[in-house]
Every structure is written in structure tokens, then in C-alpha cells.
Amino acid sequence: MAKLAAAPISKSLGTLRNQSALRAAEWQPQDSRGKDLTNARKALLGDKPIETAIEQYREAKTSTQKNIQKSFSTTQTNAIAT
């Protein structure tokens with residue numbers, strides 16, 4: 001049961017990470033001296049942060065749906081057994 005409880009927490013953290021990455025992807029970095037920091041942004045976020053975030057959201061959605069179905073099936077099995 002602890003495994004199922006940990007899954008939503010890990011998904012929430014993943015969602016927060018993706019939201020942060022998407023916000024950072026919109027950032028047009030320049031330091032106080034006017035230097036372009038685009039290379040630093042790419043090093044931190046990769047070349048395609050939006051596409052990566054979308055894929056991670058899809059994976060989280062699929063995983064969540066599987067966990068819900070598994071939990072539902074377990075609940076039904078337990079109900080029938082009692």
C-alpha cells in the first residue's frame with residue numbers, strides 16, 4: 001500500500017519539475033552586462049525542453065491511469081473475497 005501512496009507524490013514532483021522547465025524555457029536570459037546566456041539555458045534544459053516536458057506529462061498520465069486501474073482492480077478483488 002505504501003508503494004501506491006508514494007506514486008502520487010512522485011508524480012506531483014515530476015509535474016512541478018516540468019512546470020519549472022517550461023517556465024525556464026520561456027526565459028530569454030541576459031546577465032546584468034547584457035551577455036546572452038542562451039547556451040547556459042540550453043545546458044540546463046536541453047535543446048527541446050517543451051517537447052521533453054510534453055512527453056513527460058504523457059508518461060505521467062499513462063502511469064497514473066495504470067495505477068488507478070490497478071487500484072480499482074485490487075479493491076474489487078478484495079471486495080469479492082470478503
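What is the mean pLDDT of the chain, and what share of its residues reach 70 or more?

1. Let's start with confidence, since this is a predicted model. The mean pLDDT of the chain is 76, and 76% of its residues get to 70 or more. The elements don't share one score, though: H1 has the lowest mean pLDDT, at 67, while helix H3 (residues 49-81) has the highest, at 84. Keep that in mind when you look at H1.

2. Now the layout. You'll find three helices in the chain and zero strands. Read from the N terminus, the order is simply α-α-α. Helix H1 covers residues 2-26, helix H2 covers 38-45, and helix H3 covers residues 49-81.

3. How much of the chain is buried? Of its 82 residues, 12% count that way. The accessible surface comes to about 6,800 Å², and carbon and sulfur atoms own 57% of it.

4. Next, who touches whom. Take the contacts between residues at least 6 apart in sequence: 57% of them join residues at least 24 apart.

5. Have a look at Ser 12, which sits in helix H1. Its relative accessibility is 41%, and because exposed means over 50% and buried means under 20%, Ser 12 counts as partly exposed. Its C-alpha atom is 9.3 Å from that of Ala 60, although the two residues are 48 apart along the chain.

6. Finally, try Leu 37, in the loop between H1 and helix H2. Leu 37 has a relative accessible area of 28%, so this residue is partly exposed too, by the cut-offs of 20% and 50%. Measure along the chain and Trp 27 is ten residues away from Leu 37; the C-alpha atoms of the pair are separated by 10.0 Å.

Key: Residues are numbered from 1 along each chain as its sequence is written. This is a predicted model: local features need pLDDT of at least 70, side-chain atom pairs count only at pLDDT 80 or more; totals for chains, interfaces and linings use all residues. Side-chain values use heavy atoms; hydrogens and water are left out. Helices (H or I, at least four residues) and strands (E, at least two) are DSSP runs, numbered from the N terminus. Buried means under 20% relative accessible area, exposed over 50%, partly exposed in between (1.4 Å probe, protein chains only). Contact means heavy atoms within 4.5 Å. Accessible areas come from the Shrake-Rupley method with a 1.4 Å probe; for residues, only the protein chains shown count as cover. pLDDT is the predictor's confidence in each residue, from 0 to 100.
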